[in-house]
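Here is a quick tour for someone meeting this fold for the first time. Have a look at the model, then read on.

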Amino acid sequence: MADHAISLAKEAVLKVSGDLPEGTPKIKGYDFNQGVDLQALLDSYITTGFQASSLGLAIQEINLMIEKRLEPVDEGAGKGSDDHRSKSGCTIFLGYTSNLISSGVRESIRYLVEHKMVDVIVSTAGGIEEDLIKCLAHTYLGEFSLLGKDLRQMGVNRIGNLLVPNDNYCKFEDWLMPILDQLLLEQNTQGTRWTPSKMIHRLGKEINNTESVCYWAYKNNIPVFSPALTDGSLGDMLYFHSYKSPGLVLDIVEGKSSVVAAERDPHAPRLNVDFLSDIRRINSQAVFAKRTGMIILGGGLIKHHICNSNLMRNGADHTVFVNTGQEFDGSDSGARPDEAVSWGKIKADSKPVKVYADASLVFPLIVAQTFALHADKLIAGRKTD
């Protein structure tokens, strides 16, 4: 009886292994006996395991985007207007949430836009305004543990462990209000229809600061989409502007609200922001692309907006998500790439990667191993174009 029990235990503990697929990577980390070689250290991540390996796979996937991006495009290929026709072998969509612009990740994003390494940008209202505000005043390092009631009395706003004096937003109002006046004038005298992307393009021109992401997007004619442009300080300023300029109405969608406003005062000037044109524009960027790649930092609106535009082409060819969200609450923010495959937003035969990490930790490393590593080729390709 005892012998039988021991035999069963040995069989359970010492179960014979089957063969793993040929070529399965072996786990091995970086050996510091080789000295400090940051390039080799990052190269070793892919065989380190856990999220280090996910980071390594993300780097591989983005380098594949770059490789495809550098492939020549047949001038006669594709349909659509010149604004939408693919001009590179892989159209790269970059999405990021506002907190990353508030942080030092802004400089990594600005680098990509400055050198025209991405083609389409989607961000939140905060991702636009914080970029502009940082040209007017500084954001500071604080602590996560600072008490909200004390900071409120000081007139200081906290974003994680970042501190933003409320005076920054006062400076933003002083800068923005005359521009809104000018936008309204151009609408009424020239018939300009302002979309969020056109407004952001104009703000990038007006800020005229080389530290700004929006400035370089303007200079390089990279469209920046923000479908919730009113959800932040920009919305606050548009609200204040509607009182500062009598009769001014912001129409999110030209519909019933416009009719009601016209009935109230048919001669009142109205600043109309046309969101429908931006939907056509971003979807066309995906539809007429030879291939597409998505790099999405964070979740929520920016993640869904980019993925949904790629649904129009039956899915992106290359995908990298970087966020800390979990899928267990059913949110789109935390959803793994495979959920997007089920919707047709990522191609079924692609190899999407999700890195579960704070983007402030990993995105500068990703840029170092991808876009910055291949900067010479990317910039040379841009000059050729």
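## Two helices that cross

Let's start where α3 meets α16: L55, I59, I62 and N63 in α3 are in contact with V362, L365, I366 and Q369 in α16. Contact here means heavy atoms within 4.5 Å. Helices are DSSP runs of H or I with at least four residues, strands are runs of E with at least two, and both are numbered from the N terminus.

α3 covers residues 50-69, and its axis comes within 10 Å of the axis of α16, with a crossing of roughly 45°. That angle makes α3 oblique to α16. For the angle words, under 35 degrees is roughly parallel, over 145 roughly antiparallel, 65 to 115 roughly perpendicular, and the rest oblique. The axes themselves are lines fitted to C-alpha atoms, for helices over the stretch in contact, and the angles run from 0 to 180 degrees between N-to-C directions. The crossing of α3 and α16 is right-handed; that is the clockwise case, while a near helix turned anticlockwise from the far one by less than a right angle would make it left-handed.

## What you are looking at

This is a predicted model, in which local features need pLDDT of at least 70 and side-chain atom pairs count only at pLDDT 80 or more, while totals for chains, interfaces and linings use all residues. Residues are numbered from 1 along each chain as its sequence is written, and side-chain values use heavy atoms, with hydrogens and water left out.

The chain has 17 helices and eleven strands. Of its 385 residues, 47% are buried. Buried means under 20% relative accessible area, exposed means over 50%, and partly exposed is in between (1.4 Å probe, protein chains only). If you take the contacts between residues at least 6 apart in sequence, 70% of them join residues at least 24 apart.

## A histidine beside α3

Just past α16 (359-369) comes a loop that leads to α17 (375-384), and H374 is found in it. Is H374 buried or exposed? With a relative accessibility of 19%, H374 counts as buried.

Leaving aside residues up to four places away in sequence, H374 touches N63 and I66. The side chains of H374 and N63 are also joined by a polar contact of 3.2 Å. A polar contact is a pair of N or O atoms within 3.5 Å; within protein, one must be able to donate a hydrogen and the other to accept it, and residues adjacent in sequence count only if both atoms are side-chain atoms. N63 turned up earlier too, among the α3 residues that meet α16.

## The sheet

Next, the strands. Six of them form an open sheet with parallel pairing, in the order β6-β2-β1-β9-β10-β11. Its edge strands, β6 (224-225) and β11 (353-356), each pair on one side only. Strands of a sheet pair through backbone hydrogen bonds, either parallel or antiparallel. Two strands count as paired if DSSP finds at least two bridges between them.

Inside the sheet, β1 is joined to β9 by six bridges, and T91 stands opposite T292 in β9. β1 also pairs with β2 over four bridges, where L94 stands opposite I121 in β2. I121 has a bridge partner in β6 as well, namely V224; two bridges join β2 (residues 120-123) to β6.

How many residues of β1 are buried? Six of the six are, so β1 is largely enclosed by the rest of the structure. Both of its faces are covered, with T91, F93 and G95 buried on one side and I92, L94 and Y96 on the other.

## Helices around it

In α14 (residues 301-311), the buried residues are I302, K303, H305, I306, C307, S309 and N310. They pack against β1 (91-96), β2, α13 (276-287), β9 (292-297) and β10 (318-323).

Another helix pair is α6 (residues 125-133) and α8 (residues 167-190), packed at about 90° with their axes 10 Å apart. They are therefore roughly perpendicular to each other. E129, E130, L132 and I133 in α6 meet N168, Y169, F172 and W175 in α8.

## Two asparagines in loops

N208 lies in the loop between α9 (196-207) and α10 (213-219). Its phi is positive, about 50°, although N208 is not a glycine. At 57% relative accessibility, N208 counts as exposed.

N314, in the loop between α14 and β10, has a positive phi near 65° and is likewise a residue other than glycine. N314 is exposed, with a relative accessible area of 55%.
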